[in-house]
Amino acid sequence: MISYTIKKSPIVKRVSIRINADKKVVVTIPRYVPQYVAKQFVVSKQDWIQEQLAKIPENIYTQQHYLEHRDRARGIITARVVYWAEVMGLSYSRLSIRNTTTRWGSCSSKRNLNFSYRLMFLEPELMDYVVIHELAHLVEMNHSKSFWNIVSIYCPDYKQCKIELAQQHIS
Ligand SMILES: [Zn+2]
């Protein structure tokens, strides 16, 4: 039996199946429909679901992959952060490179910078954009116009970078 989660929706009128990139199967059912209907639906669509699941590539970013690439990622990303911090005349508290699954980078109010090791697999321009973006948050902790003004000074193509980055899947 395929494992799945049920989502009850007050809006939908019929049962539907969604398969996420992480291979989770989500069955959406109208609020008034009993849960066994979802089960019946999954059983009736079993072959189709298996087919769809087989098409999804395995996530390459395993813990082992992370451990293999961590040190090199740390070296590469640290070098870019040091370089851009100097160019932008900014200082930060701590720099961490982690196996983050939802964000390429972040910046805390304590001036700590976090980056995903997966950055090193992006094109250099995109990696630089993420670094510049997070460093700019040391000045502006928001996405205001003045924030983007800072980003645009160091990354004039930032709009293109944003689009390209959105097409890259972090997980
Ligand atoms: Zn941001």
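## A buried glutamate

Let's start with one residue: Glu134 is buried, because 21 other C-beta atoms lie within 10 Å and the cut-off for being buried is 20 or more. Keep in mind that this is a predicted model. You'll find Glu134 in helix H4.

So who does Glu134 touch? If you skip its neighbours within four places in sequence, Glu134 is in contact with Gly105, Ser106, Cys107 and Leu113. You can also look towards Val151, which is 17 residues away from Glu134 in sequence. In space, the C-alpha atoms of Glu134 and Val151 are 9.3 Å apart.

## The nonpolar core

Now for the largest nonpolar core, which has 20 residues. Which of them touch the most other members? They are Ile77, Phe115, Leu119, Val130, Val131 and Ile132. Several elements chip in: helix H3 (63-88), strand E6 (112-116), helix H4 (124-136) and helix H5 (145-154) each supply at least two residues of this core. H4 gives the most, with seven residues. As a general rule, nonpolar side chains in soluble globular proteins tend to be buried together.

Try picking out Val130 in the structure. Leaving aside neighbours within four places in sequence, Val130 is in contact with Trp104, Gly105 and Leu119. Gly105 also turns up among the contacts of Glu134.

## A three-stranded sheet

Head over to the start of the chain and you'll meet an open sheet of three strands, in the order E1-E3-E2, with mixed pairing. Strand E1 (5-9) and strand E2 (16-19) are the edge strands, each pairing on one side only. On average, neighbouring strands in this sheet are turned by 25 degrees against each other, if you ignore direction.

What does "mixed" look like here? E1 and strand E3 (residues 25-30) pair in the parallel sense, over five bridges. Along that pairing, Lys7 stands opposite Thr28 in E3, and Ile6 has Val27 in E3 as its bridge partner. E2 and E3, on the other hand, run antiparallel and are joined by four bridges. There, Ile17 stands opposite Val27 in E3. E2 and E3 form a hairpin with five residues between them, and Lys23 in the turn has a positive phi of about 70 degrees.

## A helix on the sheet

The sheet has a helix for company. E1 and E3 pair in the parallel sense, and helix H1 (residues 35-44) packs on the sheet, touching both E1 and E3. The direction of H1 makes about 130 degrees with that of E3.

## The whole chain

Time to zoom out. The protein chain has six helices and six strands, and from the N terminus on, the elements run β-β-β-α-α-α-β-β-β-α-α-α. The radius of gyration is 21 Å, well over the 16 Å that the globule rule gives for 171 residues, so the chain is more spread out than a compact globule. Its C-alpha atoms fill a box of roughly 60 × 40 × 30 Å along the principal axes.

The domain assignment splits the chain into domain 1 (5-55) and domain 2 (63-167). How far apart do the C-alpha centres of domain 1 and domain 2 lie? They are 37 Å apart. As for burial, buried residues make up 16% of the 171 residues. Finally, among contacts between residues at least 6 apart in sequence, 47% join residues at least 24 apart.

Conventions:
Residues numbered from 1 in each chain as written. Predicted model: local features only at pLDDT ≥ 70, side-chain atom pairs only at ≥ 80, totals over all residues. Pairing = 2+ DSSP bridges. Axes fitted to C-alpha atoms, helices over the stretch in contact; angles between N-to-C directions. Contact = placed C-beta atoms within 7 Å. Core = buried A, V, L, I, M, F, W, Y, C linked by C-beta atoms within 7 Å. Buried ≥ 20, exposed ≤ 12 C-beta atoms within 10 Å, placed from the backbone. Domains from an automatic or database assignment. Rg over C-alpha atoms; globule rule 2.2 N^0.38 Å.
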